[in-house]
Amino acid sequence: RPQSVGMGNAIKFLKLQIANLPPTLPDHQAKQTLYSVIDTFIEQRIVFAGRVITELAVEKIVSGDVILLYARSAAVERILMSAKKEGKDFRVVVVDARPLFDGKVLLRHLVACGIHATYIHIH
């Protein structure tokens with residue numbers, strides 16, 4: 001299966017970090033250095049990016065909106081819950097299908113947070 005752009009970038013970054021390690025560095029120190037670099041990469045390029053995306057998307061939601069979703073996305077779920085915490089009043093229509101029925105999980109989470117949501121199953 002082809003790699004995503006993000007995965008390719010992460011692999012290139014890690015290869016560069018490995019290439020820049022001094023050849024005389026003991027293995028255990030090299031591993032610790034790489035663990036630290038990987039943790040920093042995840043925090044700065046994945047976690048932080050997710051926070052920024054959430055903040056920007058929440059700004060787009062206004063009270064009275066009806067949002068149509070298919071299945072489930074953790075990022076979209078975070079956005080909707082953040083918008084609700086900010087006091088925005090909106091509705092969500094979750095469209096779902098086989099085989100995973102991920103939309104049911106999303107629906108339960110949204111309703112538990114007080115978001116008005118409707119579920120539609122398609123074949």
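Visitor: Is the crossing of helix 1 and helix 2 left-handed or right-handed?

Guide: Bear in mind that this is a predicted model, where local features need pLDDT of at least 70, side-chain atom pairs count only at pLDDT 80 or more, and totals for chains, interfaces and linings use all residues. Residues are numbered from 1 along each chain as its sequence is written, and side-chain values use heavy atoms, with hydrogens and water left out. Helices (H or I, at least four residues) and strands (E, at least two) are DSSP runs numbered from the N terminus. A crossing is left-handed if the near helix is turned anticlockwise from the far one by less than a right angle, and right-handed if clockwise; helix 1 and helix 2 make a crossing that is right-handed.

Visitor: At roughly what angle do the axes of helix 1 and helix 2 cross?

Guide: Two packed helices are described by the angle and the distance between their axes. Axes are lines fitted to C-alpha atoms, for helices over the stretch in contact, with angles running from 0 to 180 degrees between N-to-C directions. For helix 1 and helix 2, the axes come within 11 Å, and the crossing angle is roughly 150 degrees.

Visitor: Which residues does Phe13 touch, leaving aside those up to four places away in sequence?

Guide: Phe13 sits in helix 1, residues 5-19, and is one of the residues there that meet helix 2. Its C-alpha atom is 8.7 Å from that of Phe41, 28 residues apart along the chain. With contact taken as heavy atoms within 4.5 Å, and with residues up to four places away not counted, Phe13 touches Val37, Phe41 and Arg45.

Visitor: On to helix 2 and helix 3: which residues make the contact?

Guide: Helix 2 covers residues 27-60, and its axis comes within 9 Å of that of helix 3, crossing at roughly 55 degrees. That makes the pair oblique, because angles under 35 degrees count as roughly parallel, over 145 as roughly antiparallel, 65 to 115 as roughly perpendicular and the rest as oblique. The crossing is right-handed. From helix 2 come Thr54, Ala57 and Val58, and from helix 3 Arg78, Ile79, Ser82 and Ala83.

Visitor: Is Glu77 buried or exposed, and what is the length of its polar contact with Arg72?

Guide: Glu77 belongs to helix 3, residues 74-85, and at 7% relative accessibility it counts as buried; that word means under 20% relative accessible area, with exposed over 50% and partly exposed in between (1.4 Å probe, protein chains only). Apart from residues up to four places away in sequence, Glu77 touches Arg72, Leu106 and His109. A polar contact is a pair of N or O atoms within 3.5 Å; within protein, one must be able to donate a hydrogen and the other to accept it, and residues adjacent in sequence count only if both atoms are side-chain atoms. The one joining the side chains of Glu77 and Arg72 is 2.8 Å.

Visitor: What is the average twist from one strand to the next in the sheet?

Guide: The sheet is open, with three strands in the order 1-2-3 and parallel pairing, where two strands pair if DSSP finds at least two bridges between them. Strand 1 (66-70) and strand 3 (116-121) are at the edges with a single partner strand each, so one side of each has no neighbour in the sheet. From strand to strand, the twist averages 20 degrees.

Visitor: Which residue in strand 2 stands opposite Leu69?

Guide: Along strand 1, Ile67 and Leu69 point to one face and are buried, whereas Val66, Leu68 and Tyr70 point to the other and are not. Strand 1 and strand 2 run parallel, joined by five bridges. Opposite Leu69 in strand 2 stands Val94.

Visitor: And which residue is the bridge partner of Val93 in strand 3?

Guide: Strand 2 (residues 91-96) pairs with strand 3 in the parallel sense over six bridges. The partner you want is partly exposed, at 37% relative accessibility. It is Thr118.

Visitor: Where is the cis peptide bond, and what is its omega?

Guide: Most peptide bonds are trans. The exception here involves Pro99, found in the loop between strand 2 and helix 4 (102-112). The cis bond joins Arg98 and Pro99, with omega about 5 degrees.

Visitor: What is the phi of Ala71?

Guide: Most residues other than glycine have a negative phi. Ala71, in the loop between strand 1 and helix 3, is buried with a relative accessible area of 16%. Its phi is positive, near 60 degrees.
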